[in-house]
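Please look at the structure shown below. The paragraphs that follow lead through a pocket and then a helix.

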Amino acid sequence: MHSFLFVPGDRPERFAKAQAAGAHVVILDLEDAVAPQSKDAAREACSDWLASGRQALLRINGADTRWHADDLALLRLQGLRGVMLPKAEDPDAVAAIAALLPHGALLVPLLETSEGIWNAREIARIPGVNRLAFGSVDFQLDAGIEGDDDALLYARSRLVLASRLGRLASPLDGVTLAIGDAPALAADVARARRLGFGGKLCIHPSQVGAVNEGFAPAAHELRWATEVVTAATKQNGPFVLRGKMVDRPVIERAHRLLAMVPLPVIAPSTA
């Protein structure tokens with residue numbers, strides 16, 4: 001699952017449009033996207049949607065807010081796919097939410113504070129946590145960081161390593177605020193994948209296609225992977241393919257790429 005699309009919880013007319021956008025997961029947002037005076041209406045709209053059996057992830061309000069307890073009442077609804085927990089930083093608090101979720105529901109802690117990033121390893125090991133997500137914009141504010149790219153490299157790498165240590169799927173990178181800026185989005189997706197992320201949070205349906213495409217193996221990668229795996233079946237150890245050494249880590253990477261798409265894949269190039 002590469003694309004996670006937010007939709008404001010108080011805009012029920014957008015729910016179906018969000019699901020039709022091709023996102024792997026739709027997140028009904030009760031937190032940042034909803035003004036305080038609209039929280040109750042948003043909760044009712046999300047409740048109606050989920051109770052009808054239509055599926056979505058739900059971003060609830062944090063435990064330090066007056067809306068948190070009421071949000072928890074939605075956790076047993078039929079269509080609930082899982083919960084995104086904002087400002088996740090206390091492992092005990094995350095574990096408490098995990099204990100409330102029905103079996104099979106996803107729990108995606110959103111790490112967006114300095115404490116949350118610091119505690120990423122402990123949070124990733126909590127039973128019931130499925131995936132970590134990076135709240136990059138809020139983290140920049142909390143940590144007093146103005147830049148992106150190298151300025152957030154440590155935080156991003158910490159999430160990737162914590163996910164690996166916790167045996168979770170690769171984490172989700174934060175949002176791209178520049179809606180309609182295709183080059184900026186493509187660059188953000190490429191950076192995220194290069195650093196080890198497996199998906200990205202989206203704030204507009206127009207971002208979904210680029211995210212899905214950017215995290216999926218490209219045709220040339222599949223050709224390379226197929227060629228490596230085919231050649232490896234004829235070797236008993238490291239070998240050279242097209243001038244480059246191929247050993248166990250390279251072969252394993254090729255297998256992982258092929259596992260991301262149904263077989264058979266594109267045939268090896270004869271060039």
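The lining of the second largest pocket in this predicted model is made up of 14 nonpolar, four polar and seven charged residues. In total, 25 residues line the second largest pocket, and those lying nearest its centre are F6, D29, R59, V175 and I203. Three elements, β1 (3–8), α1 (15–19) and α7 (136–143), each give two or more residues to this lining. The largest share belongs to β1, which supplies four residues. The volume of the second largest pocket is about 460 Å³.

Attention may now turn to helix α8. Helix α8 comprises 13 residues, from 153 to 165. At 1.5 Å a residue, a helix of 13 residues should span 18 Å, and because the end C-alpha atoms of α8 are 18 Å apart, the expected span and the model agree.

Which residues of α8 are buried? They are A155, R156, L159, V160, A162 and S163. When α8 is seen down its axis, these buried residues fall within an arc of 165 degrees, and they therefore line one face of the helix. The other side of α8 carries exposed residues, namely Y154, L161 and R164. The buried residue R156 and the exposed residue R164 thus both belong to this helix.

After the helix comes R167. The phi of R167 is positive, with a value near 55 degrees.

Note on methods: Residues numbered from 1 in each chain as written. Predicted model: local features only at pLDDT ≥ 70, side-chain atom pairs only at ≥ 80, totals over all residues. Heavy atoms only, no water. 1 Å grid on protein atoms, 1.4 Å probe; cavity = no way out; pocket = protein on both sides within 12 Å on 5 of 7 lines; lining within 4 Å. Points joined across faces, edges and corners; volume = space filled by probe spheres on them. Nonpolar A, V, L, I, M, F, W, Y, C, P; charged D, E, K, R; others polar. Expected span 1.5 Å × (residues − 1). Buried < 20%, exposed > 50% of the residue type's maximum accessible area, 1.4 Å probe, protein only. Arc of directions from axis to C-beta.
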